[in-house]
Amino acid sequence: MTEELEQILLQLTQPDNAVIQQATAQLKQAFKDPAIIPALCAVMSSSQNPQVFYLISFPHFTSQIRQSAAVMLRMRVKKHWKKISPNDRESLKGVVLQAFMQESEHTVQHSLSQLCAVMVKHETPDRWPALLQLLSQSTKSSNPHDRQVGLLLLNKVMDSNPELFKPHYCQLLQLFSAVLQDHNNPTALYYCILTLTAITAYTGSEEMNQMRSIIPSLIVALKHLIKADQDQASEAMEVFNELMESEVSIILPHVADIVRFCLEVGSDTTLNDSLRVKALSCIAFLIKLKSKTVLKQKLLNPILQAIFPILTAAPPPGEQDPEDDEDDSGDGTDNDNPKHCAAQVGRSYLIMPLIQACLASDNPYQRKGGLLCLAVLAEGCADHIRTKMLSSVLQTVCQSLSDSNQVVRCAGLFALGQFSEHLQPEVSKYCAELMPLLLGYLSSLNQAKVGHVTKAFYALENFMENLGSDIEPYLPTLMDTMLSALNNTENLKIKELAVSAIGAIANAAKEMLVPYFPPVIESLKGFLTTTTEEMRPLQTQSLDTLSVLARTIGKDVFSPLAAECVQLGLNLTDTIDDPDLRRCTYSLYSAVSTVSPDCLTPHLTAITTVMLLALKSNEGITVGNIYAAPSKFSVENAYIDEKEDACDALGEIAFNTGAAFQPFLESSFQQVYEMRDYPHEDVRRAAFGAIGQFCRAQHKVWKENPTEANHQALFKLLDMVLPCFVETVRTEHERQVVMGVLETMNNVIKSCKEEAFKNPSHLKEISHVIRDVLKKKTVCQDGGGDEADDEDQQAEYDAMLQEFAGEGIPLLASSVPADSFAPFLNDLLPLIMSKAKSSCTVADRSFSVGTIGEILQALVSVSGGRGVAGRLSNRLLPVLVAGVKDSDPEVRNNSVFGLGCLAQAAGPIVVSDYPMMLSVFSNLLAKESDLRVIDNLCAALCRMILSNMGAVPLEQVVPALVARLPLKEDLEENKTVFSCLAMLYTHSPDLIVKLMKPVVAASSHVLGNKDVDKETQDTVTKLIKDFAQHHSADFQSAVISLAGEQQAKLSTAISAS
């Protein structure tokens, strides 16, 4: 069979499709023969050695055929190892090592080493002593080539399963220390460093000192490797990211040396861009982890002095930077060139003096460098820019859009896009200045310059997506521009940009987009029915925009198209195998489930099957990209994105389709639950989100069909999921994942309420983990031995994390009897109250008093709440009163809300404090200008009246309150205000009748307002009808004074049955 197999493999190398097809068919047949493994061994080793299965002599095999045999043998061994007899396994181990030792071609050696790696997974090193012996002999050989080959083999077998070799780590580190001195053997250095990278994550405390001692030699070795092979050096530099991510304490004594080395590489313009980017990204990642260390070791100035020349360097004569190329279709957000990477390093510190010097320069590349820095600072120091310098930097960026040099204009567009993405909501307040500027800029562009058009769209899209109703004046111009691009240009990239922009417009405009819906939907349907390759990016964008339209245009408008949209998605995934396209269909199905869940029911089998296969698949994923440090994700893996979107969609579809999803809930849960340990953080976050949605879906099914089976299924889910959430919050390293888990856990508690706490241990576990987050005792909040992360860098993340944890406290309070929660609340409250001190940040003070207010609001509606609120009143009252006098309107707003809730929750217990509270409110009302604070002041007074009407001087308070109506900002509080007015009308009708005119005027603003809930509208309608029926003259007098539109609303309300 060996000669026959050799002939087949030879035919596979021929440049003739017919010959290859015939050989492939023969090979499939050959693989059914049990003798295939010995034959492959014989071909692979080209040996006459009688130990090799057959006592026959073979001709000379080319290296290509030997390599093919090794690859096929590896595939066979990987799948069928258990079917190979013990004797044949032993023979195979001997054959492979012998073939490896006698092989001279590197490509074949590489394939043989990969074969060994697969076998080691089945045969542990201790059961393969000959392998260990070969590794020891070859890596220590005096022959440089033997050392290279030995280190190649060591790298492949170690990389496949580093943990198996853990008992040998100390010996290996001694070997690495010696090899790193072998500067004349760059290939040996390369494989040595790759192997060191592979074991880093598995080293323990016993290897730490050895690892630390290697770092200086490692840096020198990398310098020599750079001279020999820059691509290999770039790959080898991953060792620093691995060290930082796995065990940063190893490199702390050598931080200065590593930074200097990386700056040297990043600044060397003779080196290739990928190597320079790798070096600069190492510094960025180091700063992210250990900014305090960088500052303490006085490395800031050297870093800045190195990165600014990189940022502001002009390209070689006759060339352009990649992002300035007219054919570059990126939006400028990628970090795959040294300038962008240098800007990412610079964003870690506020470096305004250097930036201002750049912006004032006559050199366009200096100005460009300054704008790039501003752009990334918007992401890294958003709070500082929002609160201290937004107006001035926006002015600078706007001026850059009229710069005489297109390089500067491009950078200005990128900066504006970044500001729009990261500095919301404050940046939207500059709508009147920026929208005309952007629209004018877009209309003046030459569409042939695709690169520049792309950046203009990026800036426009990010800005307008958050405008809300403020987009209305610009809607006709915007949509004319976008529809013209869809209909009149042949350029698919421009069409794609326009489709994406329509999605952003829809997010802001919502129902205002209805007049433009028919031509938009016709264009999108046309794009989605073709299957040509060049249409793929436009199709994925069309699916994304279709999803946005489903969620924003209104149920009545979109529902008639829902079934057709689902079928469009299914047709695409049936005919096109593309992970980006699939993930966009998942988002579409998810969006459709929010407006027309019944349309999905017939297709749930097909939809869930595709999504679960995506979660199970390892396609497109390598160890190198899923275990990478964050700085290494310059290009997102489409298969990872697909997994993330599959999790998100499964969760939302499960919740929205309810009982129809029940047959798929268990299999979906099991597969998604496995993804909670997935290496990529975005997939983990999405998996936890979906797990929470499954719990909410089961709760919804039980509420709709309250059988014991449904109830037990809910308990089973909650008993599995809630402890998992708690453990993840404690042990997860990535803040974003922990925030996602806390948010998901809050949503589960909000939906399931007391059902989540039928197991009493859940209340204790969740309360304690919230306490741990507030005390910064979780793994993701740990500085890892550094004193503290730089405040400017980490303040936002910490605040957000604690905010998510804090939101859980009122949810717990609303879900269990107050006396059950009281011991845990007593434990948590001091941590919340400590953030209300005047020395704390505005964000902390606002969070503190806001959380206190929500806890008190929760206590209003649970048994025993009044007693617990009363016992807390003496502790909370001074904190809230101080907050009412705060300089920040948000803190005042939350404090006013809290005082109102305290009055409502504690009832008679705080009546003695009413005069003081009313005095505080009266003083505030006289001078307050913030509309939201005034709205909440009205609501707080109403809560006091609702709780203890007799303790409030109504003749003075109610007219002052009604004079501030209608509510302008916090429309949710209309519920409190009109409940109070309705109660007063019942108990003191004369008082309300005297105030008929302002009450009726305020009512006309509530009726028909889509932002006011139905229950409140019903309360207002009843009040108005009572006025019309029992006080018709006063009512008519009040109505006549109103505008025609308001009169019509009142008339409609009265005539409604």
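Helices here are DSSP runs of at least four residues, numbered from the N terminus. The model shown is predicted.

**View 1. A salt bridge inside helix H5 joins Lys 93 and Glu 90.** The side chains of these two residues meet with N and O 2.9 Å apart. Both residues sit in helix H5, which covers residues 86-102. They are three residues apart, so about one helical turn separates Lys 93 from Glu 90. How buried or exposed is Lys 93? Lys 93 is buried, with a relative accessible area of 3%. Its partner Glu 90 is partly exposed, at 48%. The buried label needs a value under 20%, and partly exposed runs from there up to 50%. Side chains of opposite charge can pair when their charged atoms come close.

**View 2. Arg 730 pairs with Asp 772.** The closest N and O atoms of this salt bridge are 2.8 Å apart. Which helices does the pair connect? Arg 730 belongs to helix H36 (residues 708-731) and Asp 772 to helix H38 (residues 761-774), so the salt bridge ties together parts that are 42 residues apart in sequence. Arg 730 is partly exposed, with a relative accessible area of 29%. Asp 772 counts as buried, at 11%. The pair also belongs to a network of salt bridges: Arg 730, Arg 771, Asp 772 and Asp 827 are linked in it. In the model as a whole, the count of salt bridges comes to 32.

**View 3. Glu 755 and Lys 758 form a salt bridge.** Their closest N and O atoms are 3.4 Å apart. The cut-off for a salt bridge is 4 Å, so this pair qualifies. Which of the two values marks a buried residue? Glu 755 is buried, with a relative accessible area of 7%. Lys 758 is partly exposed, at 47%.

**View 4. Phe 240 and Leu 218 sit in the largest nonpolar core.** This core has 362 residues. Leu 218 and Phe 240 are the ones with the most contacts inside it. Helix H26 (residues 492-509) gives the core its largest share, eleven residues. What does Phe 240 touch? Leaving aside residues up to four places away in sequence, Phe 240 touches Leu 218, Ile 219, Leu 222, Ile 258, Phe 261 and Cys 282. In soluble globular proteins, nonpolar side chains tend to be buried together.

**View 5. A cis peptide bond joins Leu 965 and Pro 966.** Omega is about 0° at this bond. Where does Pro 966 lie? Pro 966 is in the loop between helix H46 (954-962) and helix H47 (974-987). Most residues other than glycine have a negative phi, and most peptide bonds are trans.

**View 6. Lys 753 and Lys 776 each have a positive phi.** For Lys 753, which is not a glycine, phi is about 45°. Lys 753 lies in the loop between helix H37 (735-752) and H38. Its relative accessibility is 31%, so Lys 753 counts as partly exposed. What is the phi of Lys 776? Phi of Lys 776 is near 60°, again positive in a residue other than glycine. Lys 776 lies in the loop between H38 and helix H39 (791-815). Lys 776 is partly exposed, with a relative accessible area of 44%.

How values were computed:
Residues are numbered from 1 along each chain as its sequence is written. This is a predicted model: local features need pLDDT of at least 70, side-chain atom pairs count only at pLDDT 80 or more; totals for chains, interfaces and linings use all residues. Side-chain values use heavy atoms; hydrogens and water are left out. Helices (H or I, at least four residues) and strands (E, at least two) are DSSP runs, numbered from the N terminus. Buried means under 20% relative accessible area, exposed over 50%, partly exposed in between (1.4 Å probe, protein chains only). A nonpolar core is a set of buried Ala, Val, Leu, Ile, Met, Phe, Trp, Tyr and Cys residues joined through side-chain atoms within 4.5 Å. Contact means heavy atoms within 4.5 Å.
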